Amino acid sequence: MKTDEVREFRTLLKLLQARLRGDVEQLKEEAFSGSESGNDQRSSNHMAEMGSDAWDLEFSLQLVESDQGVLEEISHALKKIDAGNYGLCELCIEQGKPEAKARIAKARLQAIPYARNCIECERQKEKRR
Ligand SMILES: [Zn+2]
């Protein structure tokens, strides 16, 4: 995955994390007060440029908001970003698949940025339940 893509997902994860913790307002201030402090107009434009993807998350956020486990998944995903293996399916890697075949589809990550597994593995897990 490209560095700027990973950075984008990191932002998404941070937003999600902050939202789940209930301090999203504080995070927004931290994230956007940086270089252009005191310029509200610019901040909101920047927010829009960040892509609607972050705000498309609204729906899934509502579904997971009460789930404490999600916070753990998010910090796990952030650790994967630091380790450089973000976006790779953990089960595929476990099965010894090469990285190129273990990638989680981007659309899936956009919907669930903390997903640990690709859709195929997730389906396998469902079946085993
Ligand atoms: Zn997989």
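No disulfides were found in this predicted model, a disulfide being a pair of cysteine sulfur atoms within 2.5 Å. Local features need pLDDT of at least 70 and side-chain atom pairs count only at pLDDT 80 or more, while totals for chains, interfaces and linings use all residues. Residues are numbered from 1 along each chain as its sequence is written, and side-chain values use heavy atoms, with hydrogens and water left out.

Four cysteines coordinate the zinc ion: Cys89, Cys92, Cys118 and Cys121. Each contributes its SG atom, at 2.2 to 2.3 Å. Donors are N, O and S atoms within 2.8 Å of the metal (3.2 Å for Na, K and Ca). The donor atoms subtend angles of 104 to 115 degrees, so the arrangement is tetrahedral; for four donors this term requires all angles to lie between 85 and 135 degrees. The donor spacing in sequence is C-x2-C-x25-C-x2-C. Cysteine 92 in helix 7 (residues 90-94) and cysteine 121 in helix 9 (residues 119-128) link distant parts of the chain, 29 residues apart. Helices are DSSP runs (H or I, at least four residues), numbered from the N terminus.

Three of these ligands were examined for burial (buried, under 20% relative accessible area; exposed, over 50%; partly exposed, in between; 1.4 Å probe, protein chains only). Cysteine 92 is buried at 0%. Cysteine 118 is buried at 5%, and cysteine 121 is buried at 7%.

The whole structure holds seven salt bridges. The criterion is a side-chain nitrogen of Lys or Arg within 4 Å of a carboxyl oxygen of Asp or Glu. Lysine 106 pairs with glutamate 5, with the closest N and O atoms 3.0 Å apart. This pair links helix 8 to helix 1 (residues 3-21), across 101 residues. Lysine 106 is partly exposed at 37%, whereas glutamate 5 is buried at 18%.

Lysine 80 and glutamate 90 form a salt bridge at 3.1 Å, N to O. Lysine 80 lies in helix 6 (residues 68-83) and glutamate 90 in helix 7, 10 residues apart. Lysine 80 is buried at 8%; glutamate 90 is partly exposed at 23%. Both residues belong to a salt-bridge network with Glu73 and Arg116.

Arginine 108 sits in helix 8 (residues 106-111) and is buried at 15%. Its side chain meets that of glutamate 122 in a salt bridge (3.3 Å, N to O). Glutamate 122 lies in helix 9, so the pair ties together parts 14 residues apart in sequence. Arginine 108 also contacts (heavy atoms within 4.5 Å) Ala115, Asn117, Ile119 and the zinc ligand Cys118, among residues more than four places away in sequence.

Technical notes
Tetrahedral: all angles 85-135°; square planar, octahedral: opposite > 155°, others 65-115°. Helix = DSSP H or I, 4+ residues; strand = E, 2+ residues; numbered from the N terminus.
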